[in-house]
Amino acid sequence: MLNLPAYENYLSEIEQQGYCIIHSAIDEQLIADLMADCYRINPHFTLAGIGRQSNLQIDDTIRKDKTYWFDGTSQAQLTYQAIMENIKTTLNRTFFMGLFDYECHYAKYTHGDFYKKHVDAFKGRSNRVITSVFYLNTPNEGGELVIYKPKSKEIEITIKPTAGTLILFESERFVHEVLPAIDKRYSIAGWFRKNASISGIIDPPR
Ligand code: OGA
Ligand code: MN
């Protein structure tokens with residue numbers, strides 16, 4: 001299920017630079033099963049929103065990808081979530097991050113789709129701690145992920161989406177963007193979250 005050697009340095013990379021890139025993170029059969037799952041639910045992908053719950057807005061000047069939140073309707077989704085739970089436990093043990101749950105969605109970018117510069121979490125306003133991005137296919141061209149240096153307009157790294165690559169980064173720290181896709185691009189974006197419960201009300205997902 002997991003390609004363990006690929007995970008050798010990821011914790012020290014997160015510690016030192018706030019992000020890590022894990023190539024061949026998941027075996028090819030699971031990637032194929034997740035891709036098949038995407039094709040199964042293809043008609044149900046919807047334009048992604050910005051914000052949370054009541055102030056969810058559709059603004060296609062900021063992002064044009066289509067998403068589908070995991071709903072546990074396939075074994076592939078359950079297996080992927082189990083892998084992320086495992087990573088969550090390791091992050092908690094290593095960094096005492098207090099991560100509480102993990103939420104994720106498939107994302108589909110077709111020709112011209114993009115996601116402009118953004119952060120996934122705003123200080124004090126979100127409970128997203130670590131972002132994960134996993135690539136399900138390898139577009140020939142376009143759809144690069146650009147991660148900027150903290151508090152800077154300089155590029156830290158540009159990542160060409162490649163099937164099997166998993167990226168983890170600190171959600172509040174890195175502005176990032178997805179450059180316009182040329183070929184179809186399938187991925188899973190997810191967030192390890194801390195519990196932002198207030199007066200005993202557990203924060204609901206999304
Ligand atoms: C996101 C995101 C990056 C990518 O969905 O918030 O930034 O490479 N995705 O798909
Ligand atoms: Mn993002």
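1. How far from an oxygen atom of ligand 1 does a polar side-chain atom of R185 lie? The separation is 2.7 Å in this structure, which is a predicted model. Two further side chains place an N or O atom beside an oxygen atom of the ligand: H176 at 2.9 Å and D120 at 3.3 Å.

2. The protein covers ligand 1 to a great extent. Taken alone, the ligand exposes 290 Å², and 98% of that area is buried by the protein.

3. The residues around ligand 1 are Y115, H118, D120, V133, Y135, L145, H176, V178, R185, S187, A189 and W191. Sorted by class, this shell comprises seven nonpolar, three polar and two charged residues. Both D120 and R185, whose polar contacts with the ligand are given in point 1, belong to the shell.

4. Which elements give two or more residues to the shell around ligand 1? They are β5 (115–118), β6 (128–135), β10 (176–178) and β11 (185–194). Of the elements, β11 gives the most, with four residues.

5. The manganese ion (ligand 2) has three protein donors: H118 through NE2, D120 through OD and H176 through NE2. These donors lie 2.1 to 2.2 Å from the ion. Along the chain they follow the spacing H-x1-D-x55-H. The pair H118 and H176 links distant parts of the chain, since H118 sits in strand β5 and H176 in strand β10, 58 residues apart.

6. Are H118 and H176 buried or exposed? Each of the two histidines is buried. The metal site and the ligand 1 site also share residues: H118, D120 and H176 are donors of the manganese ion and are among the residues around ligand 1. For D120 and H176 the side chains also approach oxygen atoms of ligand 1, at 3.3 Å for D120 and 2.9 Å for H176.

7. With regard to the fold, seven strands form an open sheet in the order β1-β9-β6-β11-β4-β3-β2, with antiparallel pairing. The edge strands are β1 (19–22) and β2 (46–47), each of which pairs on one side only. Strands β6 and β11, which belong to this sheet, also give residues to the shell around ligand 1.

8. At the β2 edge, the partner is strand β3 (residues 66–69), and the two strands pair in the antiparallel sense over two bridges. Within this pairing, T46 has T67 of β3 as its bridge partner. In general, strands of a sheet pair through backbone hydrogen bonds, in either a parallel or an antiparallel manner.

Key. Residues numbered from 1 in each chain as written. Chains lettered and ligands numbered in written order. Predicted model: local features only at pLDDT ≥ 70, side-chain atom pairs only at ≥ 80, totals over all residues. Heavy atoms only, no water. Near = heavy atom within 4 Å. Polar contact = N/O pair within 3.5 Å; in protein donor to acceptor, adjacent residues only side chain to side chain. Areas by Shrake-Rupley, 256 points an atom, 1.4 Å probe, with all protein chains shown as cover. Nonpolar A, V, L, I, M, F, W, Y, C, P; charged D, E, K, R; others polar. Donors = N, O, S within 2.8 Å, 3.2 Å for Na, K, Ca; no water. Buried < 20%, exposed > 50% of the residue type's maximum accessible area, 1.4 Å probe, protein only. Pairing = 2+ DSSP bridges.
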